[in-house]
Amino acid sequence: MLTKEETHNELFTMGHTGCSGCAQSMSVKLIMEILGKNTIATSATGCLEVFSTRWPESSWKIPWIHSLFENSAAVASGVEAALKYMGKKEGITVLAQGGDGGTADIGLQALSGMFERNHDVLYVCYDNGAYMNTGYQRSGLTPFDAYTTTSPSGKESFGNNRPKKYMPEIAMAHRIPYTAVSSAGYPMDLQKKVKKAMTIKGAKYLQVDVPCVPGWKYEPKYSVKLAQLAVQTGLYPLFEAEYDKIISVKKISRKVPVEEYLKLQGRFKHLFKDEAGRAEIEKIQKIADDNIARFGLI
Amino acid sequence: MKQVLEGSMAIADGVRMAEPHVISAYPITPQTHIVEHLSQMVADGDLKAEFIMVESEHSAASVVLGASACGVRTYTATAAQGLLYMEEVIYNIAGMRLPVVMTLANRAVSAPINIWNDMQDAMAIRDTGAIMLIAENNQEAYDMHIQAFKIAENRDVMLPVIVNVDGFVLTHTFEVVETIDSIDKVKEYLPPINMEYKLDVENPYSLGTLGEPSVYMESRYNMYNAMKYSAGVITGAAKEFKDMFGRFYGGLTDAYKMDDAQTVIVAMGSVLGTIKDVVDELRETGKKIGVLKVRTFRPFPEEEIVNALKNVKNVIVIEKATCPGKGGILSVEIRDSLFKHKINTVNVNGYTLGLGGRDITPKNIKDLVKRAEKEENVDGEFVGLAQQYL
């Protein structure tokens, strides 16, 4: 445990207005521990920007900029270009951040441009599987059958009717030097990947699974547990890739049925009502099994 | 040195003299030649800059936003649809008080799709908080770009400056342009950029934070005030330029044969050339007519316009954009300025013409001069419509 003084010295400090149990703020802290003070960060519009920079307060002890929802990667490209011009790029990490909506939906074009131009930027997508900042609307990264306010369950619906977009593979398709998927449930894995990203020049993509208490509707104490279950079920495979080749996967030590993961979350509770819901859980199990086979997780 | 330059080349060369550090570019007609020239200058080593060829105008504006926030000098250019696509970012750049300079090659807005000149695109961003200058010819465009950086980077302004140049009419036309030989002289005119608040690991700031209802209005008010203050800075930059380089086009406005004028034509941009020719001709017939050039649309030169027009009988405003559901735009602002100063003796008529590249001919202007004497308070009426297409 950190002393009060050590906590104050952190680069992403306490005192922000994130929810209790927020896995995103936890991940930011872990990432900043590795990146250190020679970092310039951009943030897309979203929870992180709102809860960490209510003027005149800020949780950031590094230079930080928020511009708009969809341009975090483009702003970071500009930051990197300016540093290059000034001859200051060596030794400074440019960190671009966005949520799943700001990354995989509205920000995808700017992100693709940043990848393709291969800016020396580490882009981190905090994936909580919906537009949580605006109150839990579906995004392209919302999992299959999850309830959101714009993919509600009902007599004619089991929730979100499309599987999650394979965003890390979209990153890999750009042949950027490093793509990684990690999780708030595995701090060491996360920090190891950030550390590795720092050693690589060019565009890097890191997607982090960050459970969201109000969006997923669970008790705050389950944030880490849910992030771990997502990995252990096979629903959220953690891996690393260089260019288009996967170079490592996090093996599952004990395969957990998806039901164990789903039942803790209010966003899936409609699946536990009847036989039809049971059939849907089978479909989700198949998504997990397919991941396990595809990535060789066992 | 006097050279025959395409407008886009003159602009690119003016920008080169200001030595921007980061340039972002995305092609759109009729702006494309400007960034082509700049990219060639970078390729040839004539301009030391990071040239970022982005995937959209939204990112073009976002890249210069990010770079500018680091404290370096930035430039981009666009037109019409590209401007509308980056409008959100322009609001943001202005709100964040970043001194980005960009060229807007004025072009009609879709639909129908039309690549030719009018000023509808510029009017769409008039409330963003960007300073809007309008060049009349290629020489002024060259000079205005150098001035633009000085205005934008003024410590008490810190706002984006958009230099408007008529698409094709200026960007694709060759004219004699006197370029500045000494970059050191430009450096003397335009000191190195020096920003107080920027992204710097030695002195970290959070930029673009959440402004709650308790502070948002004050932030907007500060920007509003900076825009107001910029009027003096724009005039000062023009005068200082005159002292160093000898050329002057007026501050916020410029008067042409206005001394005893009873009729005045007000306009922006390249159409002023045609208008001045017509006025010369009418002057020879004894008509007391003059021209008021609006060089700065934002900040709006209210005082200058009122002073110039208060004793005039008839004012003809050339509108190269339309406000559906209302009428004119420039003429409305002029009428409002006079009304505020309790001047009700001036007959202001706004006429819409030249949309989507339609020629504005000397005959058009002469007809308007005749019409304006018989009409009152015309509010952006369309002129010269082809009846068969209505």
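**A quick tour of chains A and B**

Chain A comes with 12 helices and 10 strands. Keep in mind that this is a predicted model. Below is a rundown of how chain A is built, where chain A meets chain B, and how the two domains of chain B sit against each other.

**Chain A on its own**

- For its 298 residues, a compact globule would have a radius of gyration near 19 Å, and chain A has 19 Å, so the two agree.
- Lined up along the principal axes, the C-alpha atoms of chain A fill a box of roughly 65 × 40 × 35 Å.
- Buried positions make up 54% of the 298 residues in chain A.
- Take the contacts in chain A with a separation of 6 or more, and 67% of them come from residues 24 or more positions apart.

**Where chain A meets chain B**

- Here 38 residues of chain A are in contact with 34 residues of chain B.
- On the chain A side, at least two residues each come from β1 (39-43), α3 (47-52), β2 (64-66), α4 (72-86) and α6 (108-117).
- The top contributor on that side is α4(A), which puts in 12 residues.
- Sorted by class, the side of chain A that touches chain B holds 20 nonpolar, 12 polar and six charged residues.
- There's strand pairing across the two chains as well: β2(A) is joined by two bridges to β9 (residues 206-207) of chain B, and these strands run parallel.
- Looking for a spot to click on? A:Trp64 stands opposite B:Ser206, a residue of β9(B).

**Two domains in chain B**

- The domain assignment splits chain B into domain 1 (2-245) and domain 2 (253-389).
- Between the C-alpha centres of domain 1 and domain 2 of chain B, the distance is 27 Å.
- The contact between these domains takes 27 residues from domain 1 of chain B and 19 residues from domain 2 of chain B.
- On the domain 1 side, α5 (120-123), β6 (131-134), β7 (161-166) and α8 (213-245) of chain B each chip in at least two residues.
- With five residues, α8(B) gives the most to the side of domain 1 that touches domain 2 of chain B.
- That side of domain 1 of chain B breaks down into 15 nonpolar, seven polar and five charged residues.

Definitions and conventions: Residues numbered from 1 in each chain as written. Chains lettered and ligands numbered in written order. Predicted model: local features only at pLDDT ≥ 70, side-chain atom pairs only at ≥ 80, totals over all residues. Domains from an automatic or database assignment. Contact = placed C-beta atoms within 7 Å. Helix = DSSP H or I, 4+ residues; strand = E, 2+ residues; numbered from the N terminus. Nonpolar A, V, L, I, M, F, W, Y, C, P; charged D, E, K, R; others polar. Rg over C-alpha atoms; globule rule 2.2 N^0.38 Å. Buried ≥ 20, exposed ≤ 12 C-beta atoms within 10 Å, placed from the backbone. Pairing = 2+ DSSP bridges.
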